[in-house]
Amino acid sequence: MGMRDQLPPGPRAPKIVQTIAWWSRPHPFLERCRARYGKRFTIRLIGPPPFVMLSDPEELKELFKAPPDVLHPGEGAVILEPVVGTNSVILLDEGAHLEQRKLMLPAFHGEKMLRLSGLMEEVAEREVESWPLNEPASFHRRLQALTLEIILRTVFGLDAGDRLDAMRDRLTQILDIGARPLSMIPQLQRNVLGGPVWHRFARLRDETDRLLFELIDERRREDSERDDVLAMLLQAHHEDATEMSAQELRDELMTLLVAGHETTASELAWAFERLPREPQVLARLADEIDDGEDDAYLTATIQEVLRRRPVLPNAAPRLVKKPIEIGGWPYPPGVCVVANAYLVHHDPAIYEDPYAFRPERFLEDGPGTYTWIPFGGGRRRCLGASFAQLEMKIVLRAVLSRYELGRPSDELELTRRRNITVSPRLGARVVLRERSPTPRPPEPAEPVAI
Ligand code: HEM
């Protein structure tokens, strides 16, 4: 009967069981599905339409290249609306999406990004200086504070002062509310979460909006030269030559915050979890940083962290609007096709020994468009991909030029969901020490985990 027979086979367990597995242990769940059903399978969760997981690079290419009226990633992101607002690039599809994306793209070009590095370095070096030394500590929260500060300074263009402090305070609370798993289910946002939590959220959001509109207003009136993202957005024009409205600017700034803050913090947290367990990689990084000549190995290390631990295990689910065939399989309107980064990144036919952490694999040839997809792909590819990689580079360089990363125990950190990102369960526990002048002997290798 109906769709079940038409979609690629997948687990038959009740939706509630699949939903719990997907949220609580996503990697083993995906591995089990692939072992049983192959590279293409359907999972069914409570709430969204069926998700057809795809992980064959040829199929990913077809998916990312499909015309904008056939697949709609924007529709699936509606849970973000209370924070990002209705103009958000992340919620739109087709022409409206393209228009908004075109306004934002110039701000994220590589060369524009480089102009932000000085400020990113300054913020990173100051934060890193105050971190605890010589005892195991969790760094995820500290990395969140750091990535929030970097966004507020380089994207919102806030200078140190009262407005920055007020904004930081409210946004930290909003992001914490957003991190509760229940807040991810739209029907629950107002009802169950409802009551006091919803009211607190609404109040904080209104206060933030007031601060943001004030900022936008002020910045529109002054004509100073600035390199921040808001400055670029203030210069952007719609096709009919009008400027972006204050509401549009507000919505896109909040979008950049929501899309760019926890993702980068979690990805850095995985770098913290992984690096102390890879003494050879750390030694090579330290050498490269001390030489100061190039950053090829640091770049490759970041690419490998993103391969091994894509904090969004899949790109935005694309809702099928018109029938489409991918890899010869027909998909009817109403289902979602989902590019699965975790699975393509751990396909032994693509990456030899996929569970090993080996930056060297990216040294010769950079990552492939359809085999390395931590930032998704096609016309929805992450707008902040260069921003995020630059930021990770700057933060890791600030840390590694000052400290050694020691592992607090032999245990690996399992995963946990924080909102939509997958992060290290113990919050990235590491022992930081001032760098010693003589190299330490390598620590013994240890087994790898899924
Ligand atoms: C390591 C950090 C990050 C990761 C892993 C990441 C990953 C992603 C992914 C997987 C998507 C969906 C792409 C698709 O469905 O094809 C996305 C979209 C997006 N990201 Fe990122 N992101 C990161 C950091 C950032 C940063 C720092 C910013 C901005 C400052 C940002 C802004 C966006 C925006 C605006 C979109 C929506 C693009 C659209 O719909 O057209 N991201 N990101």
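User: Let's start with strands. Which residue in β8 stands opposite Met53?

Analyst: Look across from Met53 and you'll find Val338 in β8. Just keep in mind that this is a predicted model. Now zoom out a bit: the two strands involved are β2 (residues 51-54) and β8 (residues 336-339), and they pair in the parallel sense over four bridges.

User: What order do the strands of that sheet follow?

Analyst: Try tracing the sheet strand by strand. You get β1-β2-β8-β5-β3, an open sheet of five strands with mixed pairing. An edge strand is one that pairs on one side only, and here the edges are β1 (40-43) and β3 (71-72).

User: There's another sheet, with three strands. How do I read that one, and what is its order?

Analyst: Same trick, walk across it. The order is β4-β12-β9, again an open sheet, and the pairing is antiparallel. Its edge strands are β4 (136-138) and β9 (403-406), each of which pairs on one side only. From one strand to the next, the twist averages 45°.

User: How many bridges join β4 to β12, and how many bridges are there between β9 and β12?

Analyst: Three bridges join β4 to β12 (residues 429-434), with the two strands running antiparallel. For β9 and β12 the count is four bridges, in the antiparallel sense. You can then pick out single pairs. Pro136 has Val431 in β12 as its bridge partner. On the β9 side, Gly406 also stands opposite Val431, while Leu405 faces Leu432 in β12.

User: Which way do the residues of β9 point?

Analyst: Here's the general idea: in a regular strand, side chains alternate between the two faces of the sheet. Now check β9. Tyr403 and Leu405 point one way, Glu404 and Gly406 point the other way, and all of them are buried.

User: Okay, on to the ligand. Which protein atom is a donor to its iron atom?

Analyst: To read a metal site, look for the protein atoms that act as donors. Here the only protein donor is the SG atom of Cys382, at 2.2 Å from the iron. Cys382 sits in the loop between α17 (341-345) and α18 (385-400).

User: Which residues come nearest to the ligand?

Analyst: There are 27 residues around the ligand, and the ones that come nearest are His97, Arg101, Ala316, Arg318 and Cys382. Some of them have polar contacts worth clicking on. His97 has a polar side-chain atom 2.7 Å from a ligand oxygen. For Arg101, an N or O atom in the side chain is 2.8 Å from an oxygen atom of the ligand. Ala316 uses its backbone instead: a polar atom there is 2.9 Å from a ligand oxygen.

User: What kinds of residues make up that shell, and which helix gives the most to it?

Analyst: By class, you have 15 nonpolar, seven polar and five charged residues. The helices α6 (94-104), α14 (246-274) and α18 each supply at least two residues. α14 gives the most, with six residues.

User: I've been looking at backbone angles too. What is the phi of Glu94, and what is the phi of Ala428?

Analyst: Both are positive, and neither residue is a glycine. Glu94 has a phi of about 50°, and for Ala428 the value is near 65°. They sit in separate places: Glu94 is in helix α6, whereas Ala428 is in the loop between β11 (421-424) and β12.

User: Why does Glu94 count as partly exposed, and why is Ala428 buried?

Analyst: You read this from the relative accessible area, where buried means under 20% and exposed means over 50%. Glu94 counts as partly exposed because its relative accessibility is 34%. Ala428 has a relative accessible area of 0%, so it is buried.

User: One last residue. Where is Arg25, and why is it called partly exposed?

Analyst: Arg25 is in the loop between α2 (15-24) and α3 (26-37). Its relative accessibility is 40%, so Arg25 counts as partly exposed. You can also use Arg25 to practise comparing sequence with space: Arg25 and Glu59 are 34 residues apart along the chain, and their C-alpha atoms are 25 Å apart.

Definitions and conventions:
Residues are numbered from 1 along each chain as its sequence is written. This is a predicted model: local features need pLDDT of at least 70, side-chain atom pairs count only at pLDDT 80 or more; totals for chains, interfaces and linings use all residues. Side-chain values use heavy atoms; hydrogens and water are left out. Donors are N, O and S atoms within 2.8 Å of the metal (3.2 Å for Na, K and Ca); water is not among the atoms, so sites may look incomplete. Two strands pair if DSSP finds at least two bridges between them. Axes are lines fitted to C-alpha atoms, for helices over the stretch in contact, and angles run from 0 to 180 degrees between N-to-C directions. A residue is near a molecule or strand if one of its heavy atoms lies within 4 Å of it. A polar contact is a pair of N or O atoms within 3.5 Å; within protein, one must be able to donate a hydrogen and the other to accept it, and residues adjacent in sequence count only if both atoms are side-chain atoms. Ala, Val, Leu, Ile, Met, Phe, Trp, Tyr, Cys and Pro count as nonpolar, Asp, Glu, Lys and Arg as charged, and the others, Gly among them, as polar. Buried means under 20% relative accessible area, exposed over 50%, partly exposed in between (1.4 Å probe, protein chains only).
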